[in-house]
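Open your viewer and keep the selection panel handy. We will go from one selection to the next, with a short account of what sits at each stop.

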Amino acid sequence: MTAPIDRRVALRSAPNLRELGGLTTTAGVIRPGVIYRSATLARLQGDDLAAFAGLGIATVYDLRTAAERAASPDRLPAGVSVLGLDVLADSTADVAASVGQLVTDPAGLAATLGEGRAQALMRDSYRNIVSLPSALAAYRAFYLDLIDPSRTGAALFHCTTGKDRTGWAAASLLLLLGVAEEDVRADYLETNADLLPTLQPILDAAAAKGVDTALLLPVLGVRDEYLDAALDEARTRFGSIEGYAREGLELTTEHLQTLQDRLVDASPHL
């Protein structure tokens, strides 16, 4: 397992932001400062906006639904390109896309999650994120744009809370780059430490309205069982994570090699 390193970028108005650089792969180390993940950038402002600009991020991949993007568009420095990739366009009602209700209708969200439904809905959501036609199209576009030779600067991908659609984008990318699964899980689970504390004021407000916040917690954090559901879906439908890339996303050997070349510093010692 890679020795723990602090890859977080602490911006109050852009929670759950960290880079993937520094993680060890089978071929070397992911280059620092080239690929980031985060929650929504809709509230980016003030000094945080200037700090974000300093990261050199030139392309943002927004994995939210069209409705989410319209309701809370990203606030970005001038010149940053945004590519909207609606992972869940083919899903009529997915819990990963409904977390925004935590602010607008926490009681309504909680009402859908009782009696153990929350975990089951999350597992179903992760299967959707892997295998829905819209998800396959969105992640294919994500990977192809990452390796586009005309793309310059660093890149960032995000959804609303940066944990599910973003979590799978990060997990699949890291696995395809040759990062050990235990390191992939550690990055995935780091969201619990980076995101959940920022949601506490919203949970407190919901509790003040009589909402049982224990019902909300399973959909606000991440769990091994959710990532397991996604990996199981990839293996069941496509045989392996590599099969997911080749068959599901229609990425070629050349595409995957270009991804390695672009994001990984090769090391003769590994």
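Start by selecting Arg7. With a relative accessibility of 7%, Arg7 counts as buried, because the cut-off for that is under 20%. Keep in mind throughout that this is a predicted model.

**Stop 1: the partner of Arg7**

Now add Asp187 to the selection. Arg7 and Asp187 form a salt bridge, and their closest N and O atoms are 3.0 Å apart. Arg7 belongs to the segment before β1 and Asp187 to helix α8, so this pair ties together parts of the chain that are 180 residues apart in sequence. Is Asp187 buried or exposed? Asp187 counts as buried, because its relative accessibility is 1%.

**Stop 2: a second arginine**

Keep Asp187 and bring in Arg37. These two also form a salt bridge, with the closest N and O atoms 2.7 Å apart. Here the link runs between strand β3, which holds Arg37, and helix α8, which holds Asp187, 150 residues apart. Arg37 is buried too, at a relative accessible area of 0%.

To see the wider setting, select Asp6, Arg7, Arg8, Arg18, Arg37, Asp187, Glu190 and Asp194: salt bridges with shared partners join them into one network. As background, side chains of opposite charge can pair when their charged atoms come close. If you search the whole structure, the count of salt bridges comes to 18. For another of them, go to Lys163 and Asp164, where the closest N and O atoms are 2.7 Å apart. Both Lys163 and Asp164 are buried.

**Stop 3: helix α8**

Show residues 181–194 as a cartoon; this is helix α8. Its 14 residues should span 20 Å at 1.5 Å a residue, and the end C-alpha atoms are indeed 20 Å apart, so the two values agree. Which residues of α8 are buried? They are Asp183, Val184, Arg185, Asp187, Tyr188, Glu190, Thr191 and Asp194. Around them, look for β1 (18–19), β3 (35–38), α5 (117–131), α7, α9 (196–208) and α11 (224–238), against which the buried residues of α8 pack.

**Stop 4: strand β3 and its neighbours**

Next, select β3 and turn it to view each face. Ile35 and Arg37 lie on one side, Tyr36 and Ser38 on the other, and all are buried, so both faces are covered. β1 and β3 run antiparallel and are joined by two bridges; look for Arg18 standing opposite Arg37. With strand β6 (residues 154–158), β3 pairs in the parallel sense over four bridges. Ser38 has His158 as its bridge partner in β6.

**Stop 5: the nonpolar cores**

Stay with Ile35 and show its surroundings. Beyond neighbours within four places in sequence, Ile35 is in contact with Glu19, Leu20, Gly21, Ile30, Leu146, Ala155, Phe157 and Leu173. In soluble globular proteins, nonpolar side chains tend to be buried together. The largest nonpolar core has 64 residues, and those touching the most other members are Ile35, Tyr139, Phe142, Trp168, Leu173 and Tyr244. Helix α7 (residues 165–176) gives the most to this core, with eight residues. For a last selection, pick Tyr36, Ile57, Val60 and Ala154, which are among the 13 residues of another core lying apart from that one.

Key:
Residues are numbered from 1 along each chain as its sequence is written. This is a predicted model: local features need pLDDT of at least 70, side-chain atom pairs count only at pLDDT 80 or more; totals for chains, interfaces and linings use all residues. Side-chain values use heavy atoms; hydrogens and water are left out. A nonpolar core is a set of buried Ala, Val, Leu, Ile, Met, Phe, Trp, Tyr and Cys residues joined through side-chain atoms within 4.5 Å. Buried means under 20% relative accessible area, exposed over 50%, partly exposed in between (1.4 Å probe, protein chains only). Contact means heavy atoms within 4.5 Å. The expected span of a helix is 1.5 Å times one less than its number of residues. Two strands pair if DSSP finds at least two bridges between them. A salt bridge is a side-chain nitrogen of Lys or Arg within 4 Å of a carboxyl oxygen of Asp or Glu.
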